[in-house]
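Here is a short set of exercises to work through with the model open beside you. Try each task before you read its solution.

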Amino acid sequence: MPQLGFGVFQVPDDETAAAVTHALEAGYRSVDTAAIYGNETGVGRALAASGIPRDELFVTTKLWNADQGYDSTLRAFDDSLAKLGLDHVDLYLIHWPTPARDLYVDTWKAVETLVADGRVRTAGVSNFQPAHLQRLLDSSDLVPAVNQIELHPALQQRELRELHAVHSIATEAWSPLAQGAVLADPVIAAIAARHGKSAAQVVLRWHLQLGNVVIPKSVTPGRIRENIDVFDPEFVLSDAEMRSIERLDRGLRTGPDPDTLN
Ligand code: NDP
């Protein structure tokens, strides 16, 4: 799985093919969509038009909450695959645990079936809190390969990152830029000025050095290119810079709380 991919949340379907095409041209090979985003068709169109061999692409989509349950998951997956125009996805995620509905264990059994069929290469979850992860680990031999969670300098998710490390679960950061909310921070701005980089590049570099997978979203071609331009060997944050960003954690959620979203 590429450590840096392209997110398409809130991109209208008819603008998605253009955004994904810009991203593929800039060098991204991993795209993160979801059934609920309503843009799997646009993603699929851009992938097909790119001519990039399928085995060089990494495509993630997610099962929406209303479709949790064994049979409904299988149906929803078929629908996503048809919209994407693919015969498999590289990563399939349960989008939210919706704990009060108590369906995620059954849903995971359906994901196991899709993995056994070869139509899902890798199975993961999203927005799972420690208790939800533990329940899956206790009920199935299939360990989620990924937990995609809200994570950025203002919400650093230390407890989950430590639990992921114990179980070799990759931490994937959604809203890695906090939808822009951390980009004006003076600590980040000072580090950016020191390196001659943008605030977004500093935040993405911080994620990469922590070991997070990141999927920044942009519909702006210049930003799409800027966000992947973070692998220059000269561009490394020092331990002191990493620690100064660590101090910016203030438990800020920009999205819903996974314990109460049902
Ligand atoms: P991001 O943290 O990626 O921020 C996106 C916002 O930042 C957009 O407004 C974009 O503007 C702006 N932006 C992007 N790059 C730059 C830059 N270099 N400089 C300044 N501004 C910039 O937020 P998202 O919420 O989109 O999260 C990323 C992805 O994570 C989503 O697209 C989706 O794939 C996934 N996600 C998953 C969730 C889940 O529940 N599993 C929930 C939310 C997101 P513009 O586009 O106008 O350029």
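Helices and strands here are DSSP runs, numbered from the N terminus, with at least four residues for a helix and at least two for a strand. Keep in mind that you are looking at a predicted model.

**Exercise 1. Place Val-236 in the chain, then decide how open it is.**

Step 1: Find the elements on either side. Val-236 is in the loop that runs between H9 and helix H10 (239-246).

Step 2: Check the cover. Buried means under 20% relative accessible area and exposed means over 50%, with partly exposed in between. Val-236 has 44%, so it counts as partly exposed.

Step 3: Look for a partner from elsewhere in the chain. Trp-206 is 30 residues away from Val-236 along the chain, and their C-alpha atoms are separated by 8.8 Å.

**Exercise 2. Describe what surrounds the ligand.**

Step 1: Start with the site. The ligand takes up the space of the largest pocket.

Step 2: Look at the shell. There are 28 residues around the ligand, and those that come nearest are Asp-32, Ser-175, Gln-179, Ser-218 and Thr-220.

Step 3: Sort the shell by type. You should get 13 nonpolar, 10 polar and 5 charged residues.

Step 4: Ask which element gives the largest share. That is helix H9 (residues 221-228), with 3 residues.

**Exercise 3. Which side chains have a polar atom at 2.8 Å or 3.0 Å from a ligand nitrogen or oxygen?**

Step 1: Take the ligand nitrogens. One of them is 2.8 Å from an N or O atom in the Ser-126 side chain. A ligand nitrogen also has a polar side-chain atom of Glu-226 at 3.0 Å.

Step 2: Move on to oxygen. Here the partner is Arg-223, with an N or O atom of its side chain 2.8 Å from a ligand oxygen.

Step 3: Work out the cover. On its own the ligand would expose 910 Å², and the protein buries 88% of that.

**Exercise 4. Follow Ser-126 away from the ligand: where does it sit, and is it buried or exposed?**

Step 1: Locate it. Ser-126 belongs to strand S5 (residues 120-126).

Step 2: Apply the cut-off. Ser-126 has 1% relative accessibility, so it is buried.

Step 3: Check its side chain once more. The side chains of Ser-126 and Asn-127 share a polar contact of 3.1 Å.

**Exercise 5. Look at the backbone of Thr-98 and Ala-178: what is the sign of phi at each?**

Step 1: Recall the usual case. Most residues other than glycine have a negative phi.

Step 2: Read off the angles. Thr-98 is not a glycine, yet its phi is positive, at about 40 degrees. Ala-178 isn't a glycine either, and its phi is positive at about 55 degrees.

Step 3: Place both residues. Thr-98 is in the loop between strand S4 (89-94) and helix H4 (104-116). Ala-178 is in the loop between strand S7 (170-174) and helix H7 (186-195).

Step 4: Check their cover. Thr-98 has a relative accessible area of 0%, so it is buried. Ala-178 is buried as well, at 2% relative accessibility.

**Exercise 6. Rate the cover of Leu-114, Ala-145 and Ala-165, and give each a distance to another residue.**

Step 1: Take Leu-114, which is in helix H4. Its relative accessible area is 0%, so Leu-114 is buried. Gln-201 lies 87 residues from Leu-114 in sequence and 36 Å from it in space, C-alpha to C-alpha.

Step 2: Go on to Ala-145, in the loop between helix H5 (130-139) and strand S6 (146-150). With a relative accessible area of 28%, Ala-145 is partly exposed. Its C-alpha is separated by 17 Å from that of Ala-131, which is 14 residues away along the chain.

Step 3: Finish with Ala-165 in helix H6 (residues 158-167). At 58% relative accessibility, Ala-165 counts as exposed. Between Ala-165 and Ala-192 there are 29 Å in space, C-alpha to C-alpha, and the two are 27 residues apart in sequence.

How values were computed: Residues are numbered from 1 along each chain as its sequence is written. This is a predicted model: local features need pLDDT of at least 70, side-chain atom pairs count only at pLDDT 80 or more; totals for chains, interfaces and linings use all residues. Side-chain values use heavy atoms; hydrogens and water are left out. A residue is near a molecule or strand if one of its heavy atoms lies within 4 Å of it. A polar contact is a pair of N or O atoms within 3.5 Å; within protein, one must be able to donate a hydrogen and the other to accept it, and residues adjacent in sequence count only if both atoms are side-chain atoms. Accessible areas come from the Shrake-Rupley method with a 1.4 Å probe; for residues, only the protein chains shown count as cover. On a 1 Å grid over the protein atoms alone, a cavity is a set of points where a 1.4 Å probe fits but cannot get out, and a pocket is an open set with protein on both sides within 12 Å along at least five of seven lines; lining residues have an atom within 4 Å of a point. A molecule sits in a cavity or pocket if more than half of its atoms lie within 2 Å of its grid points. Ala, Val, Leu, Ile, Met, Phe, Trp, Tyr, Cys and Pro count as nonpolar, Asp, Glu, Lys and Arg as charged, and the others, Gly among them, as polar. Buried means under 20% relative accessible area, exposed over 50%, partly exposed in between (1.4 Å probe, protein chains only).
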